[in-house]
Amino acid sequence: MDSIYLTPEHELLREQVARFIAREVEPHALAWEEAGFTPREVLRKMGDAGLLGLMYESAHGGAEADALTNLVFAEALSQSTFGGFIITVLVHTDMASPHLHHAGSAAQKAKYMPGVTSGRTITAVGITEPGAGSDVAGMRTTARREGDHWVLNGTKLFITNGVRGDLYFIAAKTGSARHAMSMFIVEKGTPGFTVGRSLHKGGWSSSDTAELVFDDCRIPADHLLGEENRGFYSVMKNFQTERIALAAMAVGHATQALRLTLDHVRDRQAFGSSLFDKQAVRQRIAMLDAKTRAARQFTYHCAWRVTQGHDVVQEVSMLKALTGELVNEVVQGCQQFHGGMGYMRGMPIERLWRDARVLAIGGGATEVMLDEVAKRY
Ligand SMILES: Cc1cc2nc3c(=O)[nH]c(=O)nc-3n(C[C@H](O)[C@H](O)[C@H](O)COP(=O)(O)OP(=O)(O)OC[C@H]3O[C@@H](n4cnc5c(N)ncnc54)[C@H](O)[C@@H]3O)c2cc1C
């Protein structure tokens, strides 16, 4: 065990996920990158293996595990070098479905959770809009009550799993006050709800990303998720789970980049010896490794504090800022030591370099995270 926070059970989970990745992901994921999405069959297999509802009630197919176990899962998943596959799964497990888990009524959970944990129902979360990303409260999508229905109007942008999702958790303004917003459950196929565009990205190629359009989309009144006008606080609460998962992904990418690079520099000869024999190369790798290992322990520490019921907003914001920047430093440094081959499509280090970029932007850009830290001094 390489952290005081880890137990033998965590190790078994990590090995189970590693076997799944070796068997079901790595041999196929280059084709998914070309296709632009991860097939839903993969999530179904993960559901069958009991991997998609770790934190959720056992009555709905979950394992009632804590935030540390959930982190072990996210980090183990992030041993894959395919960020698009990882984010497809982590949006489902750690970013979208937690809205149902935290705020759903018994009836909503009974209806939807079994599909979530079995991987039959793919989830997405729609907060970001063309005019409002970091500034969540600046959103323009509205929901107005009409009899037994809510009527949604607006557009959501950059929504992961947006094209192939089945169930969407959508934020909309429900009052004139700046923070008056609510969360809603919207099923695929609801009249007035369309997937506007499938978006092409620089990285995360095996995840689908969409624009969603709501045009007088009528949903039943009981599809309000949580309390009316309290959606902003639900979004902020769920960001803590999301940001720990994104930190796990960043640490996972950095660890994989270092592993690939150590193999490469030991093998590659230049000027009469291996690249590893050059002091400038191996010292740089050692420093990047030191930073990555420190960040990894900080990630575990944040998840442990969640299990203790502590307020972690400041630390998780630090963690998101730190790991989002660090993964870019590490992956770029590692790519440098791969030389020209590191710039070639199909090379894992080149993919990690493209996939890492968004980790400093999505789910809370670095600057915004640092402001959240500073506000709490
Ligand atoms: C591939 C991808 C997948 C995504 N998936 C989802 C999803 O599933 N669901 C969803 O709702 N959203 C999703 N997002 C949206 C993502 O969370 C936002 O892109 C992010 O929050 C930043 O918002 P923005 O793009 O509108 O940038 P803006 O808010 O316009 O900010 C642009 C930049 O300005 C700087 N900045 C912003 N505010 C401040 C400030 N206060 N101080 C200093 N600098 C600042 C930052 O550098 C920031 O990167 C996804 C994005 C991408 C790229």
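User: What makes the largest cavity a cavity, and which residues line it?

Analyst: In this predicted model, the largest cavity is lined by Phe37, Thr38, Leu43, Thr88, Ile122, Asn161, Arg164, Ser206, Ser207 and Asp208. The name cavity applies because a 1.4 Å probe fits there but cannot get out. Its volume comes to about 60 Å³.

User: How do you know that the lining of the largest cavity divides into nonpolar, polar and charged residues the way you say?

Analyst: Go through the names. Phe37, Leu43 and Ile122 are in the lining, and Phe, Leu and Ile count as nonpolar, so that accounts for the 3 nonpolar residues. Arg164 and Asp208 line the cavity too; Arg and Asp count as charged, which gives the 2 charged ones. The remaining 5 are polar.

User: And how many cavities of 30 Å³ or more are there?

Analyst: There are 2. The second largest has a volume of about 40 Å³, which puts it past the 30 Å³ cut-off used for that count.

User: What lines the second largest cavity, and why is Gly53 there not called nonpolar?

Analyst: The lining is Leu51, Leu52, Gly53, Leu54, Met55, Tyr56, Asn70, Phe73 and Thr93. Gly is put among the polar residues by definition, so Gly53 goes with them. The split is 6 nonpolar, 3 polar and no charged.

User: Now the ligand. What makes the ligand's place a pocket, and which one is it?

Analyst: The ligand takes up the space of the largest pocket. A pocket is an open set of points, so the word differs from cavity, where the probe cannot get out. The volume here is about 1200 Å³. Among its 49 lining residues, Thr128, Ile361, Gly362, Gly363 and Gly364 are closest to the centre. The biggest share of the lining, 7 residues, comes from α7. By type, the lining has 22 nonpolar, 15 polar and 12 charged residues.

User: Which residues come nearest to the ligand, and what makes a residue near?

Analyst: A heavy atom within 4 Å of the ligand makes a residue near. There are 18 residues around it, and Thr128, Ser134, Phe158, Thr160 and Glu367 come nearest. β3 gives the most to this shell, 3 residues, while β1 (123–126) and α11 (366–375) each supply at least two. The shell has 9 nonpolar, 7 polar and 2 charged residues.

User: How do you know that the ligand makes polar contacts with isoleucine 127, glycine 133 and glutamate 367?

Analyst: The cut-off is 3.5 Å between N or O atoms. A polar side-chain atom of glutamate 367 sits 2.7 Å from a ligand oxygen. A polar backbone atom of isoleucine 127 is 2.9 Å from an oxygen of the ligand, and for glycine 133 the backbone distance is 3.4 Å. Each value is within 3.5 Å, so each pair counts as a polar contact. As for cover, the ligand taken alone exposes 980 Å², and the protein buries 64% of that.

Technical notes: Residues are numbered from 1 along each chain as its sequence is written. This is a predicted model: local features need pLDDT of at least 70, side-chain atom pairs count only at pLDDT 80 or more; totals for chains, interfaces and linings use all residues. Side-chain values use heavy atoms; hydrogens and water are left out. A polar contact is a pair of N or O atoms within 3.5 Å; within protein, one must be able to donate a hydrogen and the other to accept it, and residues adjacent in sequence count only if both atoms are side-chain atoms. Accessible areas come from the Shrake-Rupley method with a 1.4 Å probe; for residues, only the protein chains shown count as cover. On a 1 Å grid over the protein atoms alone, a cavity is a set of points where a 1.4 Å probe fits but cannot get out, and a pocket is an open set with protein on both sides within 12 Å along at least five of seven lines; lining residues have an atom within 4 Å of a point. A molecule sits in a cavity or pocket if more than half of its atoms lie within 2 Å of its grid points. Helices (H or I, at least four residues) and strands (E, at least two) are DSSP runs, numbered from the N terminus. Grid points are joined across faces, edges and corners, and a volume is the space filled by probe spheres set on the points.
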